[in-house]
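Biologist: I am new to this structure and would like a close look at a single part of it. Please take me through the enclosed spaces inside the protein, one after the other.

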Amino acid sequence: MTTATGTRSTFFTEPGMNSMTRAMLGRVHTGAADTGEALTTIDRITDGDYASWEREWEATADRVAAIGDDSLRRGHRVSARGALLRAATYYTACVLVADGCADPDAVIARTFAAYRRCWEGYLGLLDEPPERLDIPYEDTTMPGWLFPARGEGPKPTLVVTNGADGALSYLWPGHGSEAAARGYNVVLFDGPGQQRMLFERGVPFRPDWEHVLTPVVDTVLRRPDVDPGRLALYAVSQGGYWAPRALAFEHRFAAAVIDGGVVDVTAAWEAVLTPEQKALLDGGERDRFNAALDGAPAGTRRMLTWRAKPYGRPTLFDTYLGVRRYRITPELAARITTPVLIADPDDERYFAGQPERLYDMLPGEKKELVRFTEAEGAAGHCQPMARALAAQRFFDFLDDRVGLTAAIDQAGAPL
């Protein structure tokens, strides 16, 4: 049974399931999900049972992937790529809840491999498939994609920084595709702790994201089809911490959108602790703190186990201490010179009040704080059910700052 008040639709009483469901329905706008497929899957899921969630989304993903494979065999490229994109989205819904299942490693291995097959199959069926990027990073590389803009000569280019656990397929439809429609090259990549870097290479997060983003910029600016004066950045979710951190050191971006702003990642982690658990953490009581979290409710343990995975620390105590390094200080904020738009939605689940704090910390006048409200249907972390409104606001801001607005002809196409 679904109830709704404004945008606070309730599909499940379990908050994580409800949040993921709203995000899934938001992807219908971009073609990365279909309403009927999503709702029939939701109807089969037992509220609060993550094994049920994984099982039903995988069943839907398998069915839709088979449609894509069959369409491709029969030469129907457009049908095939649509089905493969939706299947990829549904497989990612399984990856996110692996730690609520009996064998998390098996779930991740199986569904992430299926996701990659569908996602990369979809990319290969685009009219203009993207180019694979191997971005130099320390003693290895980061995997990425460059979606080239149409036409000759150097183009404005959007670099996209992901959040803590999102898939690249979340970033192309509705983010990258909106940029491409406006004449941008688009660069997507997995950084440390994200997707392929985590699941296939075991490379964890790091707080000093300038050492991640600067190699991406270096790689991109070597290309003749990239205009070095029209480089833009979009960062989503926990990318709202990584992007400002990097922008304090990396000054080659003409503009950036932070969706939404994060000053202190620790706040979301410590919000789930009881006062007694917080005291153990602050007191350095490693073993007692870990034992206390072992006795936490099953939902809390599942969430913390999943969230801790990309940090690569041996215990939750060590993870909590490590997360305390993920903060934007006034000294860091003062170094940012890039014009920035910061999204600030109603009902921000993880970082309430932090977009405005980040805005206040930034120097100068080249900044905007943009509210997304319940009345607009745009509440929630990264306004998941207002993708059209978000794209309009974000890209109007970026277009004004990379010279695209003046280069639009009367038909509405980039010149």
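Which helix and which strand each supply at least two residues of the lining of the largest cavity?

Modeller: Please keep in mind that this is a predicted model, and that the values below are computed from it. The elements you ask about are α5, which spans residues 104-124, and β2, which spans residues 140-147, each of them supplying at least two residues of the lining of the largest cavity. Of these, α5 gives the most, with 5 residues. The full lining of that cavity consists of F112, Y115, R116, W119, E120, P143, G144, W145, L168, D190, Q195 and R196, and the space it encloses comes to about 80 Å³. Sorted by class, this lining holds 6 nonpolar residues, together with 2 polar and 4 charged ones.

To complete the picture of the enclosed spaces, the model has 2 cavities of 30 Å³ or more, and the second largest has a volume of about 30 Å³. Around this second largest cavity lie T92, V95, L96, D165, G166, A167, Y170 and Q195, a lining that divides into 4 nonpolar, 3 polar and 1 charged residue. If you follow Q195 in the structure, you will find this residue in the lining of the largest cavity and also in the lining of the second largest cavity.

Conventions:
Residues are numbered from 1 along each chain as its sequence is written. This is a predicted model: local features need pLDDT of at least 70, side-chain atom pairs count only at pLDDT 80 or more; totals for chains, interfaces and linings use all residues. Side-chain values use heavy atoms; hydrogens and water are left out. On a 1 Å grid over the protein atoms alone, a cavity is a set of points where a 1.4 Å probe fits but cannot get out, and a pocket is an open set with protein on both sides within 12 Å along at least five of seven lines; lining residues have an atom within 4 Å of a point. Grid points are joined across faces, edges and corners, and a volume is the space filled by probe spheres set on the points. Helices (H or I, at least four residues) and strands (E, at least two) are DSSP runs, numbered from the N terminus. Ala, Val, Leu, Ile, Met, Phe, Trp, Tyr, Cys and Pro count as nonpolar, Asp, Glu, Lys and Arg as charged, and the others, Gly among them, as polar.
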